[in-house]
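Me: I'd like to get to know this protein by asking questions. Please explain each term when it first comes up.

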Amino acid sequence: MKTVNTFGILALSFGLFAASCGNSSQSNNETVDHSAHQTETPATSEAPAPATEPAGSAAASNEVVIESNDQMKYNLSEINVNAAEPVKLTLKHVGTMKKDVMGHNVVVLKAGADVAAFTTAAMNAKDTDYIPESKDVIAHTKVIGGGEQDAIEFTLPGPGTYDFICSFPGHAGIMKGKIIAQ
């Protein structure tokens, strides 16, 4: 009797295993239709500038436009400017989400600043647009939402590499870049 029970359990286990494998002609990968998602920025009447720099960087100019979007990305990760000259930086949020959900800013930090420590302090600075009291901040935009923009003017102290980040909680790990002053 014990042999029959063991054989029955093995047969049942094999049957369940075979049934769980399913039909091999079916795909287990589900696809998601992204056609309804907005992935393009609105068309403008301006002709696109010729691409002379690698993607994600800008030629040396002290007038810079950074675009941010609802996917937590800046369009630039490297900006080249002339040192010791005024810089005009404009942040445009090309997404549609409100600033309390997907707000973005640009914070320019001094060369050598501890970005991780600044980011940690920024998480607790909601009342000041996520800009904590710090000697490391050179300049910052306000936090903006979809369709908004903000511009700032500042002068970097000299040649060097300066970090810029979005200090909205959780964004600085992805939304970051370097300003190279020459």
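Reply: Let's start with the labels: helices (H or I, at least four residues) and strands (E, at least two) are DSSP runs, numbered from the N terminus. Residues are numbered from 1 along each chain as its sequence is written, and side-chain values use heavy atoms, with hydrogens and water left out. This is a predicted model, where local features need pLDDT of at least 70 and side-chain atom pairs count only at pLDDT 80 or more, while totals for chains, interfaces and linings use all residues.

Me: OK, what does the pLDDT of the protein average?

Reply: pLDDT is the predictor's confidence in each residue, from 0 to 100. A score of at least 70 is reached by 68% of the residues. Over residues 14-55, though, the pLDDT is below 50, and beyond near neighbours in sequence this stretch has five contacts in the model (contact means heavy atoms within 4.5 Å). The protein's average is 80.

Me: Where is Asp136, and is it buried or exposed?

Reply: Asp136 sits in the loop between α3 and β6. Leaving out residues up to four places away in sequence, Asp136 touches Val108, Leu109, Lys110, Ala113 and Asp114. Buried means under 20% relative accessible area, exposed over 50%, and partly exposed in between, using a 1.4 Å probe and protein chains only. Asp136 has 17% relative accessibility, so it counts as buried.

Me: In which order do the three strands of the open sheet come?

Reply: Two strands pair if DSSP finds at least two bridges between them. The pairing in this sheet is mixed, and its edge strands are β2 (63-68) and β7 (149-155), each pairing on one side only. The twist averages 20° from one strand to the next (axes are lines fitted to C-alpha atoms, for helices over the stretch in contact, and angles run from 0 to 180 degrees between N-to-C directions). The order is β2-β4-β7.

Me: How many bridges join β2 to β4?

Reply: Strand β4 covers residues 86-93 and runs parallel to β2. You can spot two of the partners yourself: Ile66 bridges to Leu91, and Ser68 bridges to His93. The bridges joining β2 to β4 number six.

Me: Which residue in β7 does Leu91 stand opposite?

Reply: We've just met Leu91 as the bridge partner of Ile66. Towards β7, strand β4 pairs in the antiparallel sense over seven bridges. There, Leu91 stands opposite Asp150.

Me: And what about β8: which residue in β9 is the bridge partner of Gly160?

Reply: Strand β8 (residues 160-165) pairs with β5 in the antiparallel sense over two bridges, with Val108 opposite Phe164. Six bridges join β8 to β9 (residues 176-181), and these two also run antiparallel. In β9, the partner of Gly160 is Ala181.

Me: Val106 caught my eye. How far from Lys176 is its C-alpha atom?

Reply: Val106 lies in the loop between α2 (99-102) and β5 (107-109), and it counts as buried because its relative accessibility is 0%. Leaving aside neighbours within four places in sequence, its contacts include Ile66, Tyr74, Leu91, His140 and Phe164. Val106 and Lys176 are 70 residues apart along the chain, yet their C-alpha atoms are separated by 8.7 Å.

Me: Why is the pair of Tyr74 and Phe164 rings called tilted?

Reply: Rings of Phe, Tyr and Trp (its six-membered ring) pair if their centres lie within 6.5 Å; planes under 30 degrees apart count as stacked, over 60 as edge-to-face and the rest as tilted. A search of the whole structure finds two aromatic pairs. In this one the ring centres are 5.5 Å apart and the planes lie at 50°, so the pair is tilted.

Me: Which kind of pair do Tyr130 and Phe168 make?

Reply: These two are 38 residues apart, with Tyr130 in the loop between α3 and β6 and Phe168 in the loop between β8 and β9. Both are buried. Their ring centres are 5.2 Å apart and their planes are at 65°, so the pair is edge-to-face.

Me: Last one: what is the phi of Tyr130?

Reply: Most residues other than glycine have a negative phi. Asp129, in the loop between α3 (115-122) and β6 (137-140), has a positive one near 55°. Tyr130 isn't a glycine either, and its phi is positive, at about 60°.
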